[in-house]
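Trainee: Please pick one place in this structure and look at it closely with me, then follow the chain outward from there. I would like to learn how to read such a place step by step.

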Amino acid sequence: MTAPAPIGTLHPFLRYSDPRAAIAWLGRAFGFQPIATYEGPDGNIAHAELLLGEGIIMLGAVKEDELNLRTPQQLGAGTQGVYGVLDDVAAHCGRAMAAGAEMVRPLATTEYGSTEYCARDPEGHLWSFGTYRPVVAPIGS
């Protein structure tokens, strides 16, 4: 499969205790498609790239290194979240719920007109999806 070129230059990267299970779950719950996986010397996933629409996230196994990244589950707290723009948020939310995603914020329309929800994956990472598209023009232009 040849993946379309992603739009943008920022690509979140996350660590998981069980990256193989995370890749499978992110596919079932949110529709991510793996486009690259690389094993490390220990046989675990050192790096993976997953595509959703025109966006890519990267993930790998938790390991002892200079980044010192941990999962929210290991820390007992979230430290960040990922937001994805979708057209059919209600259907996406239903898919996530059917896959067992923990709903943090239920599907709702915000005061600024976006339909959104927020869910937690099995290792505690926060995933928000909605119809809000950030403004492209820099402030002051």
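Mentor: Let us begin with glutamate 39, which forms a salt bridge with arginine 20, the closest N and O atoms being 3.0 Å apart. Glutamate 39 belongs to strand S2 whereas arginine 20 belongs to helix H1, so this pair ties together parts that are 19 residues apart in sequence. Please keep in mind that this is a predicted model. Glutamate 39 counts as exposed because its relative accessibility is 54%, and the cut-off for that word is over 50%. Arginine 20, with a relative accessible area of 41%, is partly exposed.

Now follow S2 into its sheet. This is an open sheet of 4 strands, arranged in the order S1-S4-S3-S2 with mixed pairing. Its edges are strand S1 (13–16) and strand S2 (33–39), each of which pairs on one side only, and from one strand to the next the twist averages 20°. Glutamate 39 therefore sits in an edge strand of this sheet. At the other edge, S1 runs parallel to strand S4 (residues 55–61), and 4 bridges join the two; within S1 and S4, arginine 15 stands opposite glycine 60.

Next, follow the partner, arginine 20, into helix H1. Two packed helices are described by the angle between their axes and the distance between the axes. H1 and H3 pack at an angle of about 135°, and their axes are 7 Å apart, which means that H1 is oblique to H3. On the H1 side the contact is made by Gly27, Arg28, Ala29 and Phe30, while His92, Arg95 and Ala96 make it on the H3 side.

Helix H3 (residues 89–98) deserves a look of its own, since its buried residues are Val89, His92, Cys93 and Ala96. Seen down the axis of H3, these residues fall within an arc of 100°, so they line one face of the helix. Among the elements that cover them are helix H1 (19–30), strand S6 (102–109), strand S7 (115–120) and strand S8 (126–130). Notice that His92 and Ala96 appear both among the buried residues of H3 and in the contact with H1. Just after H3, glycine 100 takes a positive phi of about 90°.

Finally, return to the kind of contact with which we started, for the structure holds 3 salt bridges. Another of them joins aspartate 87 to arginine 133, with the closest N and O atoms 3.3 Å apart. Aspartate 87 lies in the loop between strand S5 (81–85) and H3, and arginine 133 in the segment after S8, so this pair ties together parts that are 46 residues apart in sequence. Aspartate 87 is exposed, at a relative accessible area of 69%, and arginine 133 is exposed as well, at 52%.

There is also the salt bridge between arginine 120 and glutamate 102, where the closest N and O atoms are 3.3 Å apart. This pair links distant parts of the chain, since arginine 120 is in strand S7 and glutamate 102 in strand S6, 18 residues apart. Arginine 120 is partly exposed, with a relative accessible area of 26%, and glutamate 102, at 41% relative accessibility, counts as partly exposed too. These residues bring us back to H3, because S6 and S7 are among the strands that cover its buried residues.

Definitions and conventions. Residues numbered from 1 in each chain as written. Predicted model: local features only at pLDDT ≥ 70, side-chain atom pairs only at ≥ 80, totals over all residues. Heavy atoms only, no water. Buried < 20%, exposed > 50% of the residue type's maximum accessible area, 1.4 Å probe, protein only. Arc of directions from axis to C-beta. Contact = heavy atoms within 4.5 Å. Pairing = 2+ DSSP bridges. Axes fitted to C-alpha atoms, helices over the stretch in contact; angles between N-to-C directions. Salt bridge = Lys/Arg side-chain N within 4 Å of Asp/Glu carboxyl O. Parallel < 35°, antiparallel > 145°, perpendicular 65-115°, else oblique.
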